[in-house]
Amino acid sequence: MNDSEEEIRVFIATDNHIGYLEKDPIRGEDSFHVFEEILLLAKSKNADFLLLGGDLFHVNQPSRSCMSKTINMFRKHCFSNKPTKLEYLSDPKVNFSTSFNVVNYKDPSIRVSLPVFTIHGNHDDPSGEGGLSAVDILSDSGLVNYFGKTASVDEIVIEPVLLKKNDNRVAIYGLGSIRDERLFRTMANKRVTMKRPKEFRDEWFNIMFLESFFDVVLWGHEHECLITPEPNQIKKFYVIQPGSSVATSLSEGETVEKYVGLMRIKGKQFKLEKIRLQNVRPFVMSTVFLNQVPELKRFSTEEKITEYLSKLVNQLVKEAKTKYAEQLEESNDSNIENKLGEDPKPLIRVRVDYAGGFEPFFPHRFGLNFVDVVANPREIIHFYKRQTKNLVDIETINEKTENHQRSGNISGGNKVGQMVESFIQTQGLGILTDIELNEA
(Lines give C-alpha, C1' and ligand atoms only; values in the text may rest on other atoms or scores of the structure.)
Protein backbone atom coordinates (compact mmCIF):
# COMPACT_ATOMS: atom_id res chain seq x y z
CA MET A 1 0.00 0.00 0.00
CA ASN A 2 1.14 3.59 -0.63
CA ASP A 3 1.30 6.20 2.12
CA SER A 4 -2.19 7.57 1.46
CA GLU A 5 -3.68 4.11 1.99
CA GLU A 6 -1.73 3.42 5.18
CA GLU A 7 -2.83 6.62 6.91
CA ILE A 8 -5.91 8.76 7.47
CA ARG A 9 -5.50 12.12 5.77
CA VAL A 10 -7.49 14.90 7.42
CA PHE A 11 -7.57 18.33 5.80
CA ILE A 12 -8.23 21.03 8.42
CA ALA A 13 -9.48 24.63 8.22
CA THR A 14 -11.54 26.92 10.43
CA ASP A 15 -13.40 30.24 10.35
CA ASN A 16 -14.04 30.54 6.62
CA HIS A 17 -16.67 33.29 7.04
CA ILE A 18 -18.16 32.70 3.61
CA GLY A 19 -20.09 35.75 2.46
CA TYR A 20 -18.06 38.33 4.36
CA LEU A 21 -18.41 41.74 2.66
CA GLU A 22 -20.01 40.01 -0.33
CA LYS A 23 -21.43 43.30 -1.62
CA ASP A 24 -18.10 45.10 -1.50
CA PRO A 25 -16.98 45.87 -5.09
CA ILE A 26 -13.35 44.98 -4.34
CA ARG A 27 -13.42 42.38 -1.53
CA GLY A 28 -16.82 40.82 -2.22
CA GLU A 29 -15.48 37.58 -3.74
CA ASP A 30 -12.53 37.08 -1.38
CA SER A 31 -14.22 34.60 0.98
CA PHE A 32 -15.56 32.54 -1.93
CA HIS A 33 -12.21 32.41 -3.75
CA VAL A 34 -10.29 31.22 -0.71
CA PHE A 35 -12.87 28.62 0.33
CA GLU A 36 -12.88 27.13 -3.15
CA GLU A 37 -9.08 26.99 -2.91
CA ILE A 38 -9.42 25.00 0.33
CA LEU A 39 -11.70 22.47 -1.38
CA LEU A 40 -9.30 22.18 -4.32
CA LEU A 41 -6.33 21.69 -1.98
CA ALA A 42 -8.16 18.96 -0.07
CA LYS A 43 -8.73 17.12 -3.35
CA SER A 44 -5.20 17.76 -4.58
CA LYS A 45 -3.73 16.36 -1.35
CA ASN A 46 -5.94 13.27 -1.62
CA ALA A 47 -7.56 13.97 1.75
CA ASP A 48 -9.92 11.36 3.17
CA PHE A 49 -12.12 14.10 4.57
CA LEU A 50 -12.25 17.83 5.28
CA LEU A 51 -12.70 18.91 8.90
CA LEU A 52 -14.00 22.45 9.46
CA GLY A 53 -13.88 24.16 12.85
CA GLY A 54 -16.93 26.42 12.75
CA ASP A 55 -17.98 29.83 11.35
CA LEU A 56 -18.34 28.41 7.87
CA PHE A 57 -20.64 31.37 7.14
CA HIS A 58 -20.13 34.91 8.33
CA VAL A 59 -23.76 35.35 9.36
CA ASN A 60 -26.53 33.09 10.62
CA GLN A 61 -28.76 33.89 7.64
CA PRO A 62 -26.55 34.05 4.53
CA SER A 63 -27.95 35.72 1.44
CA ARG A 64 -29.44 33.63 -1.36
CA SER A 65 -26.44 34.48 -3.49
CA CYS A 66 -24.05 33.31 -0.77
CA MET A 67 -25.92 30.04 -0.25
CA SER A 68 -26.10 29.41 -3.99
CA LYS A 69 -22.35 29.93 -4.46
CA THR A 70 -21.54 27.75 -1.44
CA ILE A 71 -23.77 24.89 -2.58
CA ASN A 72 -22.24 25.14 -6.04
CA MET A 73 -18.72 24.80 -4.62
CA PHE A 74 -19.58 21.77 -2.50
CA ARG A 75 -21.29 19.98 -5.39
CA LYS A 76 -18.48 20.85 -7.80
CA HIS A 77 -15.60 19.69 -5.60
CA CYS A 78 -17.01 17.14 -3.15
CA PHE A 79 -19.18 15.01 -5.45
CA SER A 80 -17.84 12.48 -7.97
CA ASN A 81 -17.64 8.75 -8.62
CA LYS A 82 -14.36 8.47 -6.73
CA PRO A 83 -14.99 6.13 -3.78
CA THR A 84 -13.86 6.88 -0.23
CA LYS A 85 -12.17 4.20 1.84
CA LEU A 86 -13.33 5.60 5.16
CA GLU A 87 -15.45 3.33 7.32
CA TYR A 88 -18.05 5.03 9.47
CA LEU A 89 -18.48 3.18 12.78
CA SER A 90 -20.67 5.39 14.98
CA ASP A 91 -24.42 6.06 15.07
CA PRO A 92 -25.57 8.80 12.64
CA LYS A 93 -28.73 9.31 14.71
CA VAL A 94 -26.50 10.41 17.58
CA ASN A 95 -23.80 12.26 15.63
CA PHE A 96 -25.72 14.38 13.13
CA SER A 97 -28.58 16.86 13.14
CA THR A 98 -30.22 15.59 9.95
CA SER A 99 -33.31 13.40 9.80
CA PHE A 100 -31.79 11.16 7.11
CA ASN A 101 -29.74 9.22 9.68
CA VAL A 102 -26.77 8.54 7.45
CA VAL A 103 -23.29 9.95 6.97
CA ASN A 104 -23.42 11.62 3.56
CA TYR A 105 -20.80 9.50 1.78
CA LYS A 106 -22.76 6.36 2.70
CA ASP A 107 -26.02 7.73 1.30
CA PRO A 108 -26.89 5.62 -1.77
CA SER A 109 -28.75 8.53 -3.40
CA ILE A 110 -25.65 10.76 -3.75
CA ARG A 111 -22.00 10.22 -4.65
CA VAL A 112 -19.63 11.96 -2.27
CA SER A 113 -15.90 11.77 -2.94
CA LEU A 114 -14.74 14.31 -0.33
CA PRO A 115 -16.71 14.06 2.93
CA VAL A 116 -16.93 17.29 4.92
CA PHE A 117 -17.45 17.31 8.69
CA THR A 118 -18.20 20.59 10.42
CA ILE A 119 -19.50 22.13 13.62
CA HIS A 120 -21.12 25.56 13.90
CA GLY A 121 -19.45 28.67 15.28
CA ASN A 122 -20.82 31.75 16.98
CA HIS A 123 -21.40 33.45 13.61
CA ASP A 124 -23.54 30.66 12.14
CA ASP A 125 -25.00 29.21 15.33
CA PRO A 126 -28.55 27.75 15.47
CA SER A 127 -31.23 30.29 16.30
CA GLY A 128 -34.83 31.24 15.64
CA GLU A 129 -37.72 28.87 15.13
CA GLY A 130 -36.57 25.26 15.30
CA GLY A 131 -33.07 26.28 16.39
CA LEU A 132 -31.64 26.02 12.88
CA SER A 133 -28.34 27.10 11.42
CA ALA A 134 -27.47 27.73 7.78
CA VAL A 135 -25.27 24.65 8.18
CA ASP A 136 -28.46 22.62 8.77
CA ILE A 137 -29.50 23.42 5.20
CA LEU A 138 -26.21 22.10 3.84
CA SER A 139 -26.56 19.03 6.05
CA ASP A 140 -30.12 18.25 4.94
CA SER A 141 -28.96 18.67 1.35
CA GLY A 142 -26.32 15.98 1.86
CA LEU A 143 -23.43 18.39 1.26
CA VAL A 144 -21.83 18.27 4.72
CA ASN A 145 -21.97 16.23 7.91
CA TYR A 146 -22.97 18.65 10.67
CA PHE A 147 -22.10 17.44 14.17
CA GLY A 148 -21.49 18.96 17.62
CA LYS A 149 -25.00 20.37 17.96
CA THR A 150 -26.37 19.93 21.48
CA ALA A 151 -30.02 19.51 22.38
CA SER A 152 -29.49 21.12 25.80
CA VAL A 153 -26.78 23.40 27.13
CA ASP A 154 -27.58 22.35 30.71
CA GLU A 155 -26.58 18.72 30.13
CA ILE A 156 -24.06 18.17 27.35
CA VAL A 157 -23.18 14.68 26.15
CA ILE A 158 -20.64 14.51 23.33
CA GLU A 159 -20.66 11.38 21.21
CA PRO A 160 -17.63 11.05 18.91
CA VAL A 161 -17.74 10.57 15.16
CA LEU A 162 -15.85 7.29 14.66
CA LEU A 163 -13.95 6.78 11.41
CA LYS A 164 -11.66 3.95 10.36
CA LYS A 165 -9.36 3.30 7.44
CA ASN A 166 -7.47 0.01 7.36
CA ASP A 167 -5.96 -0.24 10.87
CA ASN A 168 -6.19 3.48 11.68
CA ARG A 169 -9.01 4.86 13.83
CA VAL A 170 -10.02 8.47 14.42
CA ALA A 171 -12.57 9.71 16.97
CA ILE A 172 -13.73 13.31 16.45
CA TYR A 173 -15.41 15.08 19.38
CA GLY A 174 -17.34 18.16 18.30
CA LEU A 175 -18.95 20.91 20.32
CA GLY A 176 -20.46 23.83 18.45
CA SER A 177 -20.34 27.36 19.80
CA ILE A 178 -22.20 27.94 23.08
CA ARG A 179 -22.36 31.25 24.93
CA ASP A 180 -19.47 31.48 27.37
CA GLU A 181 -21.57 31.98 30.48
CA ARG A 182 -23.84 29.02 29.66
CA LEU A 183 -20.93 26.68 28.96
CA PHE A 184 -19.16 27.92 32.10
CA ARG A 185 -22.17 27.06 34.25
CA THR A 186 -22.57 23.63 32.68
CA MET A 187 -18.89 22.81 33.15
CA ALA A 188 -18.91 24.13 36.72
CA ASN A 189 -21.78 21.74 37.49
CA LYS A 190 -19.80 18.90 35.86
CA ARG A 191 -22.55 18.28 33.33
CA VAL A 192 -20.38 17.85 30.23
CA THR A 193 -19.74 14.20 29.38
CA MET A 194 -17.42 12.78 26.73
CA LYS A 195 -18.33 9.29 25.51
CA ARG A 196 -15.43 7.06 24.52
CA PRO A 197 -15.56 4.04 22.17
CA LYS A 198 -16.01 0.72 23.95
CA GLU A 199 -13.93 -1.28 21.48
CA PHE A 200 -10.21 -0.67 20.86
CA ARG A 201 -10.49 2.07 23.48
CA ASP A 202 -6.81 3.05 23.52
CA GLU A 203 -6.22 2.76 19.77
CA TRP A 204 -8.34 5.72 18.67
CA PHE A 205 -6.68 8.96 17.64
CA ASN A 206 -8.83 11.53 19.45
CA ILE A 207 -9.47 15.03 18.16
CA MET A 208 -11.06 17.82 20.20
CA PHE A 209 -10.05 19.58 23.43
CA LEU A 210 -9.67 19.66 27.22
CA GLU A 211 -9.55 16.00 28.29
CA SER A 212 -6.39 14.03 28.96
CA PHE A 213 -7.25 11.26 26.48
CA PHE A 214 -7.24 13.65 23.52
CA ASP A 215 -4.35 13.74 21.08
CA VAL A 216 -5.09 16.96 19.17
CA VAL A 217 -7.15 20.07 19.88
CA LEU A 218 -8.46 21.81 16.77
CA TRP A 219 -9.03 25.33 18.05
CA GLY A 220 -11.42 27.63 16.19
CA HIS A 221 -12.89 31.12 16.63
CA GLU A 222 -9.50 32.85 17.03
CA HIS A 223 -8.45 34.31 13.67
CA GLU A 224 -4.69 34.47 14.06
CA CYS A 225 -3.09 31.58 12.18
CA LEU A 226 -0.98 29.53 14.62
CA ILE A 227 -1.14 26.23 12.81
CA THR A 228 2.14 24.68 13.97
CA PRO A 229 1.13 22.01 16.55
CA GLU A 230 1.96 23.23 20.05
CA PRO A 231 2.22 20.60 22.83
CA ASN A 232 0.47 21.00 26.16
CA GLN A 233 2.86 19.39 28.62
CA ILE A 234 0.22 18.85 31.32
CA LYS A 235 -2.53 17.19 29.31
CA LYS A 236 -0.17 15.73 26.68
CA PHE A 237 -2.17 16.91 23.69
CA TYR A 238 -1.28 19.23 20.80
CA VAL A 239 -3.11 22.46 20.02
CA ILE A 240 -3.61 23.49 16.38
CA GLN A 241 -5.17 26.87 15.56
CA PRO A 242 -5.56 27.26 11.77
CA GLY A 243 -7.10 30.72 12.12
CA SER A 244 -9.43 32.36 9.61
CA SER A 245 -9.08 32.00 5.86
CA VAL A 246 -10.26 35.58 5.20
CA ALA A 247 -9.60 38.76 7.17
CA THR A 248 -12.81 39.97 8.82
CA SER A 249 -11.22 42.73 10.89
CA LEU A 250 -8.29 45.11 10.49
CA SER A 251 -6.44 43.74 13.51
CA GLU A 252 -2.90 42.53 14.14
CA GLY A 253 -3.86 38.85 14.24
CA GLU A 254 -5.28 39.01 10.70
CA THR A 255 -1.95 40.18 9.24
CA VAL A 256 -0.31 36.82 10.00
CA GLU A 257 0.20 34.58 6.94
CA LYS A 258 -2.78 32.27 6.46
CA TYR A 259 -2.37 28.51 6.24
CA VAL A 260 -4.50 25.39 6.21
CA GLY A 261 -3.18 21.93 6.98
CA LEU A 262 -3.12 18.27 6.05
CA MET A 263 -2.98 16.04 9.09
CA ARG A 264 -1.63 12.57 8.34
CA ILE A 265 -2.61 10.11 11.05
CA LYS A 266 -1.10 6.68 11.53
CA GLY A 267 -2.02 4.87 14.71
CA LYS A 268 -1.54 7.31 17.60
CA GLN A 269 0.97 9.45 15.71
CA PHE A 270 0.41 12.34 13.31
CA LYS A 271 2.27 14.77 11.09
CA LEU A 272 0.97 18.12 9.92
CA GLU A 273 1.77 19.63 6.53
CA LYS A 274 1.27 23.40 6.49
CA ILE A 275 -0.14 24.79 3.23
CA ARG A 276 -0.13 28.52 2.59
CA LEU A 277 -3.22 29.90 0.88
CA GLN A 278 -2.81 31.76 -2.42
CA ASN A 279 -6.12 33.62 -2.69
CA VAL A 280 -5.64 35.74 0.42
CA ARG A 281 -5.61 39.50 -0.01
CA PRO A 282 -2.33 40.88 1.42
CA PHE A 283 -2.73 42.87 4.64
CA VAL A 284 -0.08 45.06 6.27
CA MET A 285 -0.51 47.04 9.46
CA SER A 286 1.56 49.65 11.29
CA THR A 287 1.33 51.83 14.41
CA VAL A 288 2.49 55.44 14.55
CA PHE A 289 3.11 57.60 17.62
CA LEU A 290 2.92 61.15 16.28
CA ASN A 291 4.81 62.62 19.25
CA GLN A 292 7.80 60.45 18.29
CA VAL A 293 7.99 61.45 14.62
CA PRO A 294 11.00 63.82 14.26
CA GLU A 295 9.53 65.91 11.44
CA LEU A 296 6.27 66.49 13.30
CA LYS A 297 5.95 68.96 16.16
CA ARG A 298 3.20 69.56 18.65
CA PHE A 299 0.16 71.18 17.01
CA SER A 300 1.40 70.33 13.49
CA THR A 301 -1.14 71.10 10.79
CA GLU A 302 -3.36 68.44 9.25
CA GLU A 303 -1.55 68.96 5.96
CA LYS A 304 1.81 68.14 7.55
CA ILE A 305 0.48 65.02 9.28
CA THR A 306 -1.30 63.89 6.10
CA GLU A 307 1.91 64.25 4.12
CA TYR A 308 3.79 62.03 6.57
CA LEU A 309 1.05 59.40 6.75
CA SER A 310 0.71 59.29 2.96
CA LYS A 311 4.40 58.44 2.62
CA LEU A 312 3.95 55.71 5.22
CA VAL A 313 0.92 54.23 3.42
CA ASN A 314 2.82 54.12 0.12
CA GLN A 315 5.64 52.30 1.88
CA LEU A 316 3.18 49.79 3.37
CA VAL A 317 1.67 49.20 -0.08
CA LYS A 318 5.12 48.22 -1.33
CA GLU A 319 5.52 45.87 1.64
CA ALA A 320 2.15 44.31 0.82
CA LYS A 321 3.24 43.65 -2.76
CA THR A 322 6.39 41.92 -1.51
CA LYS A 323 4.35 39.88 0.95
CA TYR A 324 1.95 38.81 -1.81
CA ALA A 325 4.80 37.75 -4.11
CA GLU A 326 6.23 35.60 -1.30
CA GLN A 327 2.76 34.17 -0.69
CA LEU A 328 2.37 33.06 -4.29
CA GLU A 329 5.87 31.59 -4.38
CA GLU A 330 5.38 29.58 -1.18
CA SER A 331 1.92 28.32 -2.12
CA ASN A 332 2.84 27.39 -5.67
CA ASP A 333 0.36 24.66 -6.67
CA SER A 334 -0.53 24.09 -10.32
CA ASN A 335 -4.00 22.87 -9.30
CA ILE A 336 -4.91 26.24 -7.75
CA GLU A 337 -6.03 29.22 -9.82
CA ASN A 338 -4.89 32.61 -8.58
CA LYS A 339 -8.16 34.55 -8.74
CA LEU A 340 -6.87 37.74 -7.11
CA GLY A 341 -4.54 38.49 -10.00
CA GLU A 342 -0.88 39.47 -9.97
CA ASP A 343 -1.32 42.82 -8.23
CA PRO A 344 -4.44 42.93 -6.05
CA LYS A 345 -5.28 45.99 -3.98
CA PRO A 346 -3.98 45.28 -0.47
CA LEU A 347 -5.52 45.95 2.91
CA ILE A 348 -3.60 48.69 4.74
CA ARG A 349 -4.15 49.80 8.31
CA VAL A 350 -2.30 52.54 10.23
CA ARG A 351 -3.06 53.01 13.90
CA VAL A 352 -2.23 56.62 14.77
CA ASP A 353 -1.66 57.64 18.38
CA TYR A 354 -2.27 61.38 18.47
CA ALA A 355 -1.37 61.91 22.15
CA GLY A 356 0.94 64.80 22.94
CA GLY A 357 -0.82 67.81 21.46
CA PHE A 358 -2.00 66.48 18.09
CA GLU A 359 -5.52 66.53 16.68
CA PRO A 360 -7.20 63.75 14.64
CA PHE A 361 -8.84 64.48 11.30
CA PHE A 362 -11.51 62.78 9.17
CA PRO A 363 -10.05 59.39 8.02
CA HIS A 364 -12.45 59.10 5.06
CA ARG A 365 -11.07 62.27 3.53
CA PHE A 366 -7.54 60.90 3.81
CA GLY A 367 -8.60 57.67 2.15
CA LEU A 368 -9.80 59.44 -0.99
CA ASN A 369 -6.15 59.71 -2.03
CA PHE A 370 -5.84 55.91 -2.13
CA VAL A 371 -9.11 54.79 -3.72
CA ASP A 372 -7.28 53.24 -6.65
CA VAL A 373 -4.45 51.84 -4.53
CA VAL A 374 -5.87 49.97 -1.54
CA ALA A 375 -8.90 47.77 -0.93
CA ASN A 376 -10.07 49.64 2.18
CA PRO A 377 -9.59 53.39 1.51
CA ARG A 378 -12.17 54.46 4.10
CA GLU A 379 -10.50 52.47 6.87
CA ILE A 380 -6.79 53.08 6.36
CA ILE A 381 -6.37 55.40 9.34
CA HIS A 382 -7.52 54.63 12.86
CA PHE A 383 -6.91 57.38 15.40
CA TYR A 384 -6.60 56.55 19.07
CA LYS A 385 -5.14 58.09 22.20
CA ARG A 386 -3.35 56.29 24.98
CA GLN A 387 -5.03 56.79 28.31
CA THR A 388 -1.89 57.49 30.29
CA LYS A 389 -0.43 60.49 32.07
CA ASN A 390 3.19 59.72 31.33
CA LEU A 391 4.01 58.90 27.74
CA VAL A 392 6.61 56.20 27.27
CA ASP A 393 8.54 55.39 24.16
CA ILE A 394 7.52 52.69 21.70
CA GLU A 395 10.41 50.39 22.65
CA THR A 396 9.19 50.25 26.24
CA ILE A 397 5.67 49.35 25.09
CA ASN A 398 6.96 46.63 22.78
CA GLU A 399 9.14 45.21 25.53
CA LYS A 400 6.20 45.04 27.93
CA THR A 401 4.06 43.37 25.27
CA GLU A 402 6.69 40.72 24.66
CA ASN A 403 7.00 40.08 28.40
CA HIS A 404 3.23 39.63 28.67
CA GLN A 405 3.25 37.23 25.75
CA ARG A 406 6.03 35.19 27.32
CA SER A 407 4.14 35.02 30.61
CA GLY A 408 0.91 34.00 28.86
CA ASN A 409 -1.07 37.17 29.68
CA ILE A 410 -1.73 37.77 26.00
CA SER A 411 -3.30 34.90 24.10
CA GLY A 412 -1.45 33.15 21.33
CA GLY A 413 -1.47 29.74 19.71
CA ASN A 414 1.52 28.61 21.74
CA LYS A 415 -0.39 29.55 24.90
CA VAL A 416 -3.87 28.21 24.10
CA GLY A 417 -3.37 24.84 25.78
CA GLN A 418 -1.86 26.42 28.88
CA MET A 419 -4.61 29.03 29.04
CA VAL A 420 -7.35 26.40 28.88
CA GLU A 421 -5.66 24.23 31.48
CA SER A 422 -5.03 27.18 33.80
CA PHE A 423 -8.63 28.40 33.45
CA ILE A 424 -10.09 25.01 34.29
CA GLN A 425 -7.86 24.54 37.31
CA THR A 426 -8.56 28.06 38.60
CA GLN A 427 -12.33 27.77 38.26
CA GLY A 428 -12.58 24.21 39.47
CA LEU A 429 -14.22 23.11 36.24
CA GLY A 430 -14.22 19.58 34.92
CA ILE A 431 -15.47 17.31 32.18
CA LEU A 432 -16.44 13.73 32.87
CA THR A 433 -15.80 10.78 30.61
CA ASP A 434 -18.52 8.13 30.51
CA ILE A 435 -16.57 5.89 32.93
CA GLU A 436 -16.04 8.72 35.40
CA LEU A 437 -19.72 9.60 35.17
CA ASN A 438 -20.72 6.04 36.03
CA GLU A 439 -18.31 6.00 38.96
CA ALA A 440 -19.68 9.32 40.22
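**Notebook: helix pair, totals and single residues**

I looked first at helices α2 and α3, whose crossing is right-handed (the near helix is turned clockwise from the far one by less than a right angle; anticlockwise would be left-handed). The model is a predicted one, where local features need pLDDT of at least 70 and side-chain atom pairs count only at pLDDT 80 or more, while totals for chains, interfaces and linings use all residues. Residues are numbered from 1 along each chain as its sequence is written, and side-chain values use heavy atoms, with hydrogens and water left out.

**Entry 1: α2 and α3.** I noted that the axes of α2 (residues 30–44) and α3 (residues 64–78) cross at roughly 15° and come within 10 Å. That makes α2 roughly parallel to α3 (angles under 35 degrees count as roughly parallel). Axes here are lines fitted to C-alpha atoms over the stretch in contact, with angles from 0 to 180 degrees between N-to-C directions.

I then listed the contact (heavy atoms within 4.5 Å). From α2 it takes F32, F35, E36, L39, L40 and K43, and from α3 C66, K69, T70, M73, F74, K76, H77 and C78. I sorted these residues into eight nonpolar, two polar and four charged.

**Entry 2: totals.** I found eleven helices and 19 strands in the protein. Both are DSSP runs numbered from the N terminus, helices being H or I of at least four residues and strands E of at least two. Of the 440 residues, 52% are buried (under 20% relative accessible area; exposed is over 50%, partly exposed in between, with a 1.4 Å probe and protein chains only). The accessible surface is about 21,700 Å², and carbon and sulfur atoms hold 47% of that. I also looked at contacts between residues at least 6 apart in sequence: 74% of them join residues at least 24 apart.

**Entry 3: D15 and F200.** I looked up D15, which is not a glycine yet has a positive phi of about 50°. D15 sits in the loop between β1 (8–13) and α2, and counts as buried at 1% relative accessibility. F200, also not a glycine, has a positive phi of about 50°. I placed F200 in the loop between β9 (192–194) and β10 (204–207); at 42% relative accessibility F200 is partly exposed.

**Entry 4: T228.** I found T228 in strand β12 (residues 226–232), partly exposed with a relative accessible area of 47%. Leaving aside neighbours within four places in sequence, T228 is in contact with V239 and K274. The C-alpha atoms of T228 and Q241 are 7.8 Å apart, with these positions 13 residues apart along the chain count.

Conventions:
Parallel < 35°, antiparallel > 145°, perpendicular 65-115°, else oblique. Nonpolar A, V, L, I, M, F, W, Y, C, P; charged D, E, K, R; others polar. Areas by Shrake-Rupley, 256 points an atom, 1.4 Å probe, with all protein chains shown as cover.
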